[in-house]
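Biologist: Could you take me through this model step by step, beginning with how its strands and helices are put together?

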Amino acid sequence: MDLSVTLCGIEIDNPVIPASGTFGYGYEFAEHYDINCLGTFSFKGTTREPRFGNPTPRIAESAAGMVNAVGLQNPGVDKVISEELPQLKKVFHKPVMANVSGFSVEDYAYTCERLDKEPQVGWLEVNISCPNVHGGGMSFGTDPAAAAEVVRAVKAVTRKPVIMKLTPNVTDITAIARACEDAGADGLSLINTLQAMRIDLKTKKPVLANVTGGLSGPAVFPVALRMVYQVYEAVSIPIVGVGGVSSAEDVIEMMLAGATAVEVGAANLVDPCASRDITAALPGVMEKYGIQNLKDIIGGAHG
Amino acid sequence: MKKALFTIEKNERLTPTVLRMTLRGPAEAVTAPGQFVDIALPGRFLRRPISVCDAGGDTLTLLYKVVGGGTEQMAAMVPGGTLDILAGLGNGFDTAPAGESPLLIGGGIGAAPLYLLAKKLLAEGKRVRAILGFNGANEVFYVDEFKALGCGVTVATADGSVGVKGFVTDALPEEHSYYYACGPEPMLRAVWAKAAGSGQLSFEERMGCGFGACMGCTRQTVNGPKRVCKDGPVFRKEEILWT
């Protein structure tokens, strides 16, 4: 039985990847299990400067999911390189996916250029889809021309594969996907969270201090699946499927829709061992559905 | 931190809104007073963080206030049922700086984690005094339990129906060696401003994961951003910034 897949030229042992923002910089999960069982993981969204993020409350619950407005809290790329990556190196021996966000094209290029020099980093996952920051983040992911501009700026400063993380908060995600591919992106990951909110009936005001946030969890899985399916038909670069994945069955479904690899997000926050358990369950589920080689099923649902 | 199934032994109402749940399971995962557990509830996506009132041997005791759908669901649970719990989360209180006569200050359900702290301080030979604040007589709980441990207890009620009329800060004693506080944030802020000397304060925040992964519960501190769930919930008085 073969679980390995090749993501933008790098072979990974299995397609399971904890998603950015749900796994920190990895080493804290290594207290709970050997994280080398994962294909890789995408570390916490990193920006040029340190960020505190949004005021609290940053979290609201919803049916089969949650709404967050963390707002890219991170120590900034210099500290990530000097402090977080050395800690990670002790416990993770595979290439890691570096998730990068920014507030200008120059920001993205600056941060990616620094991470390009880090041998631990396998891929750059460029987040042009954060719904919780103002004057950046998602604004680059909702306009094909702006998305393409970020791709070109990042590609100019790195030889590592560049995976653009797309937002679902658009009319036609395939237009953004094609613009990224045309500008030279090596892969796409989708979807980021869906813009959402909750209101507290006691205070009669929004739960989140930021008013709106991003919905994730099993509630968004069918939406993510649909978008992966559509984008698979629109582009020929690899897709990382993200959104509400909570089981090995979900991983298979995402791959059938067209994903080469699959990120697990909110599930990690409910159960610290979720990604490990999903990885461990994959062979059994493959056997149940008569799958010998995971590579063979990528896009298998298409005609 | 340990993820385990605990069995509900008792689930008793102490006041109209506060219940005590006694659970059997690997309670040794709780390594310090002031830690909390994170409980998965059927049909709810996120776990519920609840402070540990007592833990010893294979028995875990939680006091919780019914504040919403999740805690209403807990209040309806019956003995024999099991709960999926992450136990031993957070840093907990440090008893090393307590001195000879530490003061415990609890507001409402914030009294819960002070119980295990009182046990530990008393076992270390300290003279422990507790000030427990409530809105009114019908909300008072655990005064006898703290007394039974050997603490001196002062009760303050906002409506004056029991004990000192006013807030916990209206009942502060003349002298204490150190203080430990847990309660609603306005109370913590008042204690921080008024109580003499140094102390530790335990905070509450809406959490995503409860174990440091999501950055959902961050507070700004003198030492930079800190996660209430992992770096806290207990912070030293000197670290705290109010925003």
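Modeller: This is a predicted model, in which local features need pLDDT of at least 70, side-chain atom pairs count only at pLDDT 80 or more, and totals for chains, interfaces and linings use all residues. Residues are numbered from 1 along each chain as its sequence is written, chains are lettered from A and ligands numbered from 1 in the order in which they are written, and side-chain values use heavy atoms, without hydrogens and water.

Biologist: Which unit do strand 8, helix 4 and strand 9 of chain A make?

Modeller: Helices (H or I, at least four residues) and strands (E, at least two) are DSSP runs, numbered from the N terminus. Helix 4 covers residues 173-183, and together with strands 8 and 9 of chain A the result is a right-handed (clockwise from the first strand over the helix to the second, with the strands pointing away from the viewer) β-α-β unit.

Biologist: In which sense does strand 8 of chain A pair with strand 9 of chain A?

Modeller: Two strands pair if DSSP finds at least two bridges between them. A:Ile163 stands opposite A:Gly187 in strand 9 of chain A, and the two strands are joined over three bridges in the parallel sense.

Biologist: Over how many bridges do strand 7 and strand 8 of chain A pair?

Modeller: A:Val126 stands opposite A:Met164 in strand 8 of chain A. Strand 7 (residues 121-127) pairs with strand 8 of chain A in the parallel sense, and the number of bridges is four.

Biologist: Are the residues on both faces of strand 8 of chain A buried or exposed?

Modeller: Buried means under 20% relative accessible area, and exposed over 50% (1.4 Å probe, protein chains only). A:Val162 and A:Met164 on one side, and A:Ile163 and A:Lys165 on the other, are all buried.
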